[in-house]
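Student: Can we go through this model together? I'd like to start with what sits in the middle.

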Amino acid sequence: MPGAVSTNERLVAHVDRLAVEHPPIDLSSVDFTVRRPEVFAERYGHVLDYMARVELEVDRNVLEIATMLPDPPPIDVHFYRDVWQPQEIQHGLILDKLQVELGRPPAQPDRDSMGLKLKVLGALSHLGAFQDVCRMLYYLTGMSTERSAVLAYNLLHDGVVEMGETAISETVIAPIKRQEPGHYAFYQLSARGLWDEIAPWQRWLVRRMRSISFSPVGANNDEQKADFGDLMQSIGVTGDRAADFAAQISRVEKELLWARDAGLVVPPYVVAAFREAVELAEARRAG
Ligand SMILES: [Fe+2]
Ligand SMILES: [Fe+2]
């Protein structure tokens, strides 16, 4: 279309703006003063640990992306290597330092182990048409994880303000949460653009693979799923708010993948994954 701005041009402009407006947060800008460290650690220590781990695991995510997408568009590489990874690593380092200041052990991120499934996807991805399926899955995962981050940091911020821990809310949580919407926007723009381009069989495969592979952000095994269930409880995502959380992180995914399914509120695999996290957390608490 003459005069139309292509998705790629919009992505390039978006990533350039993120690079300029959101440099990685400098550790020296953070004030780690906590007025009531014991109370804070009791309420949010495990939340900090979960978030620090997930943020630090972007190192592994970058390896995963490189494996899954052997021939990615240059804008994807520019985004994840030059903008996204440096920002997220700082989020992780800051949150981890905060929990150590509170007397907790540092997070234990898995920075480099990659599953067989991913290697198989990577091998298949050398076929261009299959790589587009993997790219679509990557954007969908990016959307749901970044939207989860936005919502979780907002709720954590409210809780930290309410506790009167001003240094932490203003110099840790607020600066981190400001950087997440730009990540979400990148994946959303990418997902919408690619969905329009791919063929019906590719869309079918995306729906199938997404249905069997969805998990909440950072929850890769039962232990981590239970940790996620605990996190939801600690930031107040229970009952109706959990349903709302699931709906918000999958809104665009529902619109794109399941448009024909009129009346669907949340994709069932998202609801099931959240329910499983809550149940695993409850079972673990019950011993
Ligand atoms: Fe982050
Ligand atoms: Fe992010």
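**Cores and helices**

Tutor: Val47 and Leu156 touch the most other members of the largest nonpolar core, which has 40 residues. A nonpolar core here is a set of buried Ala, Val, Leu, Ile, Met, Phe, Trp, Tyr and Cys residues joined through C-beta atoms within 7 Å. Buried means 20 or more other C-beta atoms within 10 Å of the residue's own; exposed means 12 or fewer, and partly exposed lies in between, with C-beta atoms placed from the backbone.

Student: Which elements give two or more residues to this core?

Tutor: They are α2 (37-56), α4 (74-101), α6, α7 (166-197), α9 (222-234), α10 (240-249) and α12 (268-285). The largest share, 9 residues, comes from α2. A second, separate core has 28 residues, including Leu18, Leu121, Met143 and Leu256.

Student: Before we go on, what should I know about the model and its numbering?

Tutor: This is a predicted model: local features need pLDDT of at least 70, side-chain atom pairs count only at pLDDT 80 or more, and totals for chains, interfaces and linings use all residues. Residues are numbered from 1 along each chain as its sequence is written, while chains are lettered from A and ligands numbered from 1 in the order in which they are written.

Student: Back to the first core. What does Val47 touch, not counting residues up to four places away in sequence?

Tutor: Val47 touches Leu156, Leu231, Ser234 and Ile235 on that count. A contact means that the two C-beta atoms, placed from the backbone, lie within 7 Å.

Student: Now the whole chain. How many helices and strands does it have?

Tutor: The chain has 12 helices and 0 strands. Helices (H or I, at least four residues) and strands (E, at least two) are DSSP runs, numbered from the N terminus. The radius of gyration is 19 Å, close to the 19 Å from the globule rule for 287 residues, so the chain is as compact as a globular protein of that length. That radius is taken over C-alpha atoms, and the rule is 2.2 Å times the number of residues to the power 0.38.

Student: What does the C-alpha trace span along its principal axes?

Tutor: About 55 × 45 × 35 Å. Buried residues make up 38% of the 287 residues. Among contacts with a separation of 6 or more, 85% are between residues 24 or more positions apart.

Student: How far does α6 reach from its first C-alpha to its last?

Tutor: Helix α6 (residues 128-162) has 35 residues and reaches 51 Å, close to the 51 Å expected at 1.5 Å a residue. The expected span is 1.5 Å times one less than the number of residues. Just after α6, Gly164 takes a positive phi of about 75 degrees.

Student: And α9?

Tutor: Helix α9 has 13 residues and reaches 18 Å, close to the 18 Å expected. Its buried residues include Lys225, Asp227, Phe228 and Asp230. The buried residues of α9 pack against α2, α10 and α12. Just after α9, Gly236 has a positive phi of about 85 degrees.

Student: Switching again. At roughly what angle do the axes of α1 and α4 cross?

Tutor: The axes of α1 (residues 7-21) and α4 cross at roughly 10 degrees and come within 10 Å. Axes are lines fitted to C-alpha atoms, for helices over the stretch in contact, and angles run from 0 to 180 degrees between N-to-C directions. The two helices are therefore roughly parallel to each other. Angles under 35 degrees count as roughly parallel, over 145 as roughly antiparallel, 65 to 115 as roughly perpendicular and the rest as oblique.

Student: Which residues meet there?

Tutor: From α1, Asn8, Leu11, Val12, Val15, Leu18 and Ala19 meet Ile75, His78, Phe79, Asp82 and Val83 in α4.

Student: Also in α4 is His91. Is it buried or exposed?

Tutor: His91 is buried, with 25 other C-beta atoms within 10 Å. It touches Glu55 and Ile176, leaving out residues up to four places away in sequence.

Student: What about Glu253 in α11 (residues 251-257)?

Tutor: Glu253 is buried as well, with 24 other C-beta atoms within 10 Å. Beyond four places in sequence, Glu253 touches Leu140, Met143, Ser144 and Pro267.
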